[in-house]
Structures are given as structure tokens and as C-alpha cells.
Amino acid sequence: MTSGGATGPLLYAVFAAVLGMLQFGYNTGVINAPRGFIENFIKENYDVNSGTIFGVIVSIFAIGGMIGCPLASWVADKRGRKFALLANAAFGVVGAVFMGFSKVSSSLAMLIIGRFLIGINCGFATTASPTYVSEVAPVRLRGAFGTVNQLAVAFGLVGGQILGIDVVLGSDDGWPWLLGLAIVPSAVQCVMIPFAPESPRYLLLVQRDEEQARSVLTKIRGTSEIDDEIKDMHDEDHAEKQEETFTIPDLVRIKSLRTPLIIGIVMHLSQQLGGINAVLYYSSTIFINTGLSERDARLASIGVGSMLFIMALVSIPLMDRLGRRTLQLCGLGGMAVFSVLMTIAFFTYENNTTMSVFAVLFTLLYVGFFGVGPSSIPWMILSELFGQGARSAAVSVGALINWFANFIVGLTFIPLSDLLGNYVFIPYTILLLLFFAFTYFKLPETKNRTIEEVTALFKK
């Protein structure tokens, strides 16, 4: 077999790593269906506003994510990619145990702490898993394996929503099991990762252990013809050393770096503040409000995750064919249109089954357009707008902004819904239109352009 194929050891390594992204998807989707049961648990044990506390349980996950992201970069560089993945998997087991035993212990604190810990686990995974996958994958398969991360997120999301239906675990007795099942991806990782290879790039360039790097590379490529790849890594390392390294304050200070940083930040904000997590976290509530029964609302929620999964598959070939800018504009424009139609449907569903169905359909199409571009492009775009020296700092700023905006949406949707009622999606619609205008005027197309060509645009 020639170097660059998908061998058994490579597929094993990628599968072990992307379980962390599946965990992220699962814990984003799983909180949706059991809202009523969790609020009852809070009311039975505590004299507090259950809706507000549920908002805290949802959003504390994102606070954990904000801590996990930078922690992952630090641990992966200090102790290696494999150690980082294994330590994070063990951490995920602890978070899942806290959530799973919260009801038996009548402890709201355990539920909130568990959700916070699993947030750290997921934030860590969103940095550590893509890094490891891109470093073990051969160059010609890197793009395809990169999208496996998005597919794992969508698969976890659908899994969480299916398990949340009433005949499975969407019940008063079932919800602690539903949250506690987050132990499975982490436990499987704990078993698999010790047998996965260390990143050959880390071994060669950080550990300076060329012999070990060659051994690992030979195993995962299924061939001993790896001299070209080793040489490419050395060349890249040499080029990196020649290039100046920039810190986060440098990105703000230097104009040719500040402009792409602002573009990247707005892309990340558009992913979250367009309201997608309002749908992912609260779709059951939204569907009940449009006149569906609780059972039908949970079934409709499975459609939300399924739509994301399908669009992740569809967007893979389109990414290089149509380009990032076109897909981002198409996605934001479609989301804006369908958030308006959702709002109209919310007003006309009463005694009108047809409009209830349309409300669900518009919501699914809104999610579909999110999957076209805004779901994956913000995560890719910063690495395409910056040269090697500034890329790491820029990507970490983007991830932090993304998780912070995620937190804001998770915390504010219930109060916003109480305040605005059927108009709840109007603020998101206004923001989507602003993001669309910004993207149209500011985002350059990066398709088929080298990093040098893209960075040159900002130096003019």
C-alpha cells in the first residue's frame, strides 16, 4: 500500500479521538428533552425558580467549555496528544458520574457540577481531537478526516435526542440515566487510547524522537516509504522557526492581523448568536409551544439532529466546490428567512394543525441552512486567514469567543422567551441579517488560495 491510505491503525486512532467530539454532540442535544423532569426535580427539592436554574444547568456547560479549550492546547503541548486525550476521557467519566447520581442524592449541586465538568471535557475535546486527527491523517485525507469531527458531533446530537424520547429514557426515572450515559464515550476512549499511536508530528518536532516517529508513521501508513513525509514535517518545522510567532495582544495591536481576527470573531459569533443553540438546547420546548404534544415534540427534535447530520455530509463536497464565502452567505441568508417564517408560524398555529407542521418544517430548514456553512466554516476559517506564526493564538481566541457566545444564548433564551413570547426569534433574525452584511462585505474567499495569498490581502 502506498503512503497516504486509510489503514486499520489510522482508522482506529481517528475513531478513538473523535469519540470526544461525539461526547460534545451528545451533551449538547441530551439536555433538551428532559427539561420538564429536571425542573420538577428542582421544585421538589429546592425553593427556587426552576426555569432560571435550568438555564444555569444548560449554560454552565459552556463555561466549562471555555476552560477546556485553552487547557487542551497546554496539556497537549506539554505531555503529548495521546496523554491529553486519555486524561480528558478520565475526566469525562467523573462528570458523567456526578450527573448520573444527582437525583438519587437529591443534589442539585451534583447536577450543576457534573454538567460543568462535562463542559470542560467537551471544550477540551473540541481542541484536542481535531489537532490529533489532523496530525495522524495523511495530507490528502486531512480534509475528509477533518469533517469526521463534524459528523461525530451530529451523530452524538441525534443519539442524545433519540435516547430522550419517552419510550427510552425521557421520563422522570430515566433522565439521570440519560445524562449519566455520557460515561460511555469517555469510558470507551479510556480503553482505546492506550492502544492508539502518539502523534508522529509531536514525536518528531516536540520530543525530537525521530526513530519513534518513523516507527509510528510506518505503522499507521502501512508502508515503510515515509521519508517524504518525515522531510515535509522537518521543512514545515524549519519554516515555522523562520516565521515570527505572534501572541494574542499582537493580533489586536497589528492592523494586518487585527482585520482577519475581527472577521474570524464575527464568524464565530454568527455561529452562536444566530440562535442555533436556542433550537438545539430547547427544540422540544419550541415544538410544544407550536401546539405539538410532548411526545411529538421530542420526535420532531430528533429531526433537528438528523438534519444537522445530513447537512454535514452534504457540505463536505460543496466546501471546495462552491467556497467558504458562498456557503457562509447561503447559510446565514437561509437561517434569516426561516427564522422569520418560524415566527409567523408561531402566531398562526392555534387550532391550525397545518401551521404546527409548518413551524416544525421551518425549524428543520433553519437548522439545515445552519449546516450548509455556519456550523463548520467558523472553525476552519481562522486557520485559513492566518500564517503559521499567528494561527495558534487566533484559533484559541475564536474558540473562546464561540463558547462564550454559546453560554450567553444558553443562559438568556428562557428569560428572552418569557419576555418576547412568539417574537423570541426576532433578535436572532436581526443579528443574522447583520452577520450576513458583514460577511458579504468583509470575508474574502479562501478557496484555492494559499495562506500567503490570503494574508497578503490584509497587508494592503
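Student: Which residues have the most contacts inside the largest nonpolar core?
Tutor: This is a predicted model. Its largest nonpolar core has 132 residues, and those with the most contacts inside it are I38, L111, L251, Y366, F386 and F425.

Student: Where does this core lie, and why there?
Tutor: The core lies between domain 1 (9–196) and domain 2 (243–459), because both domains give residues to it.

Student: Ok, the domains then. How many residues does each put into the contact?
Tutor: The domain assignment gives domain 1 as 9–196 and domain 2 as 243–459. Their centres, taken over C-alpha atoms, are separated by 21 Å. Domain 1 puts 37 residues into the contact, and domain 2 puts in 33 residues.

Student: Back to F386. What does it touch?
Tutor: Leaving out residues up to four places away in sequence, F386 touches L251, L257, P260, L261, R391, A394, I451 and T455. One of these, L251, is also on the list of residues with the most contacts inside the core.

Student: And I38, which helix has that one among its buried residues?
Tutor: Helix α2, residues 35–45. Its buried residues are R35, F37, I38, E39, F41 and I42.

Student: What do they pack against?
Tutor: Six helices are named here: α3 (50–79), α5 (108–136), α7 (175–180), α14 (276–289), α15 (294–322) and α19 (388–420).

Student: Take S50 in α3. Buried or exposed?
Tutor: S50 has a relative accessible area of 7%, so it is buried. The cut-off for buried is under 20%.

Student: Which residues is S50 in contact with?
Tutor: With neighbours within four places in sequence set aside, S50 is in contact with E39, I42 and K43. E39 and I42 are among the buried residues of α2.

Student: New topic, the surface. Which residues form the nonpolar patch?
Tutor: F347, Y423, I426, I430 and L434 form it, with about 490 Å² of accessible area together. Helix α20 (residues 426–442) supplies the largest share, three residues.

Student: Why does L434 count as exposed?
Tutor: L434 is in helix α20. It counts as exposed because its relative accessibility is 54%, and the cut-off for exposed is over 50%.

Student: What about R253, where is that?
Tutor: R253 is in helix α12, residues 248–253. At 58% relative accessibility, R253 counts as exposed too.

Student: How many Å separate the C-alpha atoms of R253 and V14?
Tutor: They are separated by 38 Å, and along the chain the two residues are 239 residues apart.

Key
Residues numbered from 1 in each chain as written. Predicted model: local features only at pLDDT ≥ 70, side-chain atom pairs only at ≥ 80, totals over all residues. Heavy atoms only, no water. Buried < 20%, exposed > 50% of the residue type's maximum accessible area, 1.4 Å probe, protein only. Helix = DSSP H or I, 4+ residues; strand = E, 2+ residues; numbered from the N terminus. Contact = heavy atoms within 4.5 Å. Patch = residues over 30% accessible without salt bridge, like charges linked within 9 Å, V, L, I, M, F, W, Y side chains within 5 Å. Areas by Shrake-Rupley, 256 points an atom, 1.4 Å probe, with all protein chains shown as cover. Salt bridge = Lys/Arg side-chain N within 4 Å of Asp/Glu carboxyl O. Core = buried A, V, L, I, M, F, W, Y, C linked by side-chain atoms within 4.5 Å. Domains from an automatic or database assignment.
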